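Q: Please examine the model shown here and explain on what grounds its side-chain pairs and their surroundings receive their labels.

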Amino acid sequence: MSLYLCVDCGGSKTSAVVCDASGNIVGRASGGPSNIAYLTITSFIETIQTTVGDALKTCTTPASVDTVALLPSELEFAAAWFGISGADSSSIIESVMGPLSSLLGIPKGPRLSVANDAHLLAAPIRMHEDIFHAVTVIGGTGSIVVSFKEREDGELQELGRVGGWGWILGDEGGGYSIGREAVRQVLAEQDIHSTMKSPPPEGSLRASLKKYFDIKDVMELLTEVYVLDSTPSTVVDIDNRAHKYISREKRLSSLSPLVFTAAFEDKDPLALKVLRMCAKDLADQICIVVGDANDEAPRLVKASESVICFGGSVVGLKVYRDMVLDELAAKGHVFKYVEFVDDCAAVGAAGLRLKYKD
């Protein structure tokens, strides 16, 4: 049985999906984190081995209770596609290519594809026969935009990349930036009304932030946001506020659900302003890689002849995704196809099977 494997290697989990020659998903599993930037090669390969072995449990006859050994095995992979978070350079990709080849029994070459996880989002390009370009937009805690061209040999060629700089330097339009901008706007509103000597309106967003941080005065947000990250040796005080024990990055990104609730359920104008600002920031990132290609910018992608593929928890919300698309349309960029990929590994496996179906 010819099997096609796709593995989405993320910072919080690893997802592996196996499909057969007919495109049916015959196995899937989840494992621990596999962002290569935070792991040794040995730890990374161990995570892949366990996760893929678990995905193969339902591929054996009869189904296996135990994790399936990858080699030697009666099961063979016709091709595999790995999208690895943190794989941002050719040297990192090369460092895992050999171990993955040995692990799976797939020789180095076109049937073993290893790239950044944003590449998996481009899989829908193979499902539309009338286009050859894609723009992928990851909008979760962080954000990154990557554009692609499908070459005649079926390989994806990366054309441009914007962002992916992490929470300190970037992540525009992602969950972290939404949380940060919410705090900024509430504080700015407080400053304005303090100058005017009139109390600011107690809107839903303002009230939600005060409740989340268990404060009475919004200016206390500064203290709560800047509390140093806890360490493994930190003694947990049950009377202390829970947010003090999570990192400053997560402390702000965890606010994004509050912003969406205030904006779309409570119709809070300040929360809506925050989301419009962040959607515009993300759209501005996308605009860097789209346009009419010319001699000075030959790698630009024409939106009307391309698919835009969204992935991630924040852009998974249609209302926010539509905000981004509206910002793009206002700038004259309307994509021929719009896809939200909520299961990158499954879509990637299907795309891989289509690539090698002959």
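Q: Why is the pair D284 and K331 called a salt bridge?
A: The term requires a side-chain nitrogen of Lys or Arg within 4 Å of a carboxyl oxygen of Asp or Glu. In this predicted model, the N to O separation for D284 and K331 is 3.3 Å, so the pair meets the definition.

Q: What makes this a link between separate parts of the chain?
A: D284 belongs to helix α8, whereas K331 lies in the loop between α9 (318–330) and β10, so the pair ties together parts 47 residues apart in sequence. Helices (H or I, at least four residues) and strands (E, at least two) are DSSP runs, numbered from the N terminus.

Q: Why are D284 and K331 called partly exposed?
A: Buried means under 20% relative accessible area and exposed over 50%, with partly exposed in between (1.4 Å probe, protein chains only). D284 has 27% and K331 has 36%, so both values fall in the intermediate class.

Q: How do you know that D284 also forms a salt bridge with K280?
A: The closest N and O atoms of D284 and K280 are 3.1 Å apart, which satisfies the salt-bridge cut-off. Both residues are in helix α8 (residues 269–287), and because they are four residues apart, about one helical turn separates them. K280, at 36% relative accessibility, counts as partly exposed.

Q: What makes R28 and D343 a salt bridge, and which parts of the chain do they link?
A: Their side chains meet at 2.9 Å, N to O, so this pair also qualifies. R28 is in strand β3 (residues 25–31), and D343 is in the loop between β10 (337–340) and α10 (344–355), 315 residues apart. R28 is partly exposed at 46%, as is D343 at 23%.

Q: Why is Q285 called buried?
A: Q285, found in helix α8, has a relative accessible area of 13%, so it falls in the buried class.

Q: What makes the pairing of Q285 with E172 a polar contact?
A: A polar contact is a pair of N or O atoms within 3.5 Å; within protein, one must be able to donate a hydrogen and the other to accept it, and residues adjacent in sequence count only if both atoms are side-chain atoms. The side chains of Q285 and E172 are joined at 3.3 Å, so the distance criterion is met.

Q: What are the conventions behind these values?
A: Residues are numbered from 1 along each chain as its sequence is written, and side-chain values use heavy atoms, leaving out hydrogens and water. In this predicted model, local features need pLDDT of at least 70 and side-chain atom pairs count only at pLDDT 80 or more, while totals for chains, interfaces and linings use all residues.
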